[in-house]
Amino acid sequence: MIVTKDQIVLWLRRVADVLEENKDYLTQLDAAIGDADHGINMDRGFKRVLGQLPKVEDKDIGSILKTTGMALISSVGGAGGPLYGTLFMRAGMAVDGKQELTPEDLVTLLRAAVDGVVQRGKAELGDKTMVDALLPALQAFQKAVEAGEDLDVALERAVAAAEEGMKATIPMLAKKGRASYLGERSIGHQDPGATSSYLILKALLDTVRETT
Amino acid sequence: MKKLINKPEDFVRESLEGMALAHPDLIKIHLDPNFVYRADAPVQGKVAVISGGGSGHEPMHGGFVGKGMLDAACPGEVFTSPTPDQMFEAAKAVHGGAGVLFIVKNYTGDVMNFEMAAELAHTEGIPVQNILIDDDVAVKDSLYTAGRRGTGTTVLAEKICGAAAEAGYDLKQVADLCRRVNLNGRCMGMALTSCTVPAKGTPTFELGDDEMEIGIGIHGEPGRERMKIKSADEITEMLALAIIEDPAYTRTVREWDMEKGEWVEVELTDEPFREGDQVIAMVNSMGGTPVAELYVVYRKLHEICEKKGLKIVRNLVGAYITSLEMQGVSITLLRVDDEMLRFWDAPVHTPALRWGM
């Protein structure tokens, strides 16, 4: 089982839809512990991605993902811009020139993407950030692929791990970003960045399920 | 929401356009990506000083672009940091061959976007350095947070470093001076009311009629504590003493190694205020507090500084680093030496700050 270039494009379009639907939800999560703009910023960013996609749809997956990253870097702002921008840029660089992705390619892609986020944001597991959704997802995906599971099963496990990681941010004390200034008051709220990361991974699973 | 805006999504652009029309002799604007730059840029042979941050803090930073201060300012969306392409394009537009200093307020988004901008400038062959401003003493437990925020000292650093660049300091000298200004400045603010981001339409936080929030940043983020409102003298004393009695503060920041082309971690420690220090005092409106109230605060601040043996040698009273229409005040004290004072006194001509020319 592989992921095709068309599926990658469909995924990015679905992410734009999902983020539009969840714009207010993400912004509300951010209002509780941040500065109430995460949903607005991500929606603006993926609208920009939608505008750029027609220019690169006939290129390779690497170019499509790098273009997505650049569009996010130049339109999202806040911390989300550099973090998601870096995530997609590194993902694209990891699969340069490819027209389709094997499960092993996806492991490489995800690892490069998550490493990029960790480097840029200097966050560790448990800091109440998007890393709390992304890192468990990467680990679950890699483990499933190494165990020889099918791509869709591996993705299901990755998304389940991301969801669990996202929910696990609720009792955490924020140590990075604007939420960290709240100290104890950040406890009891789900991290908006972990939530958008989960939504983006879930959109990949849904796309693969619907189109294979 | 009652605001003098047309459409929320047009607010930043229309405000920039109006500013350009009002000050054609001083500044120009570039749209998409947005930045404000000196009308006479690039100034050949001069270090270009660039800052930026979310909109909503006006006159900072765009109002400080002009002779003797900033070469360019990059405004993001309201309370959202600008994007790297803005700083990169601004750097290319104002680079006069002597490199670019980015003055960055310590907020996670700002730091990351300016770091990416520095990496882009470096690949373009522009010598660059990023200096962080993290002066907000309200942030406790800075080890477990993103650290102290960048607030009032930013305005003073932009003035002093802009003058140093104008006087011919090279990039390393301007960066060293900027770092030193940051290490000698401390700030703390408070809010009487919240503020409303146009795109959101509702106040960022709720504050009762009889309440105030002490130790806010500049985005309506929560502060140290919420309490019943007190008199101007009591509030001034709370802020001033938190600043004056603040102990030494150590932090690790990332600066750019120009030769290696990579980030290096630097540990910096500042010293508390001491009797006999000379200071510049800024009493700043958060946007909605009238000047008359600022002078009530300044009166008490002056008294406290005298009592503590701090000599206010210069002052700035007004709205310089704001949070939209928020009522409230911030106090900044900057310990100055002769070099800093000389650059503070140097001529400046920008939309929001002008003396000596």
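Glu166(B) is partly exposed in this predicted model, with a relative accessible area of 35%; work out which residue its side chain meets in a salt bridge, and where the two partners lie.

**Solution 1.** Step one is to find the partner, and the side chain that meets Glu166(B) is that of Arg38(B), with an N to O distance of 3.0 Å. Step two places the pair: Arg38(B) lies in strand β2 (residues 35-38) of chain B and Glu166(B) in helix α4 (residues 153-166) of chain B, so the salt bridge ties together parts that are 128 residues apart in sequence. Step three turns to accessibility: Arg38(B) counts as buried because its relative accessibility, 1%, is under the 20% cut-off, whereas Glu166(B), at 35%, is partly exposed.

**Exercise 2.** For the salt bridge between Asp233(B) and Arg299(B), determine which helices are linked and classify each partner as buried, partly exposed or exposed.

**Solution 2.** Begin with the distance, since the closest N and O atoms of Asp233(B) and Arg299(B) are 3.8 Å apart. Next, locate the residues: Asp233(B) belongs to helix α6 (residues 232-244) of chain B and Arg299(B) to helix α7 (residues 291-308) of chain B, so that distant parts of the chain, 66 residues apart, are linked. Finally, Asp233(B) is partly exposed at a relative accessible area of 26%, while Arg299(B), at 55%, is exposed.

**Exercise 3.** Classify the two partners in the salt bridge between Arg13(B) and Asp10(B).

**Solution 3.** The closest N and O atoms of this pair are 3.4 Å apart. Taking the partners in turn, Arg13(B) has a relative accessible area of 32% and is therefore partly exposed, whereas Asp10(B), with 15% relative accessibility, counts as buried.

**Exercise 4.** Describe the contact between chain A and chain B, starting from its residues and area and ending with its salt bridges.

**Solution 4.** First, the contact draws 30 residues from chain A and 33 residues from chain B. Second, about 2300 Å² is buried between the chains, with carbon and sulfur atoms giving 58% of that area. Third, Arg120(A), Arg178(A) and Tyr181(A) supply 32% of the area that chain A buries against chain B, more than any other three residues. Last, the count between the chains is two salt bridges, one of which joins the side chains of Arg185(A) and Glu213(B) at 3.9 Å, N to O.

Definitions and conventions: Residues are numbered from 1 along each chain as its sequence is written. Chains are lettered from A and ligands numbered from 1 in the order in which they are written. This is a predicted model: local features need pLDDT of at least 70, side-chain atom pairs count only at pLDDT 80 or more; totals for chains, interfaces and linings use all residues. Side-chain values use heavy atoms; hydrogens and water are left out. Contact means heavy atoms within 4.5 Å. Buried area is the accessible area (1.4 Å probe) that two parts lose on being put together, summed over both. A salt bridge is a side-chain nitrogen of Lys or Arg within 4 Å of a carboxyl oxygen of Asp or Glu. Buried means under 20% relative accessible area, exposed over 50%, partly exposed in between (1.4 Å probe, protein chains only). Helices (H or I, at least four residues) and strands (E, at least two) are DSSP runs, numbered from the N terminus.
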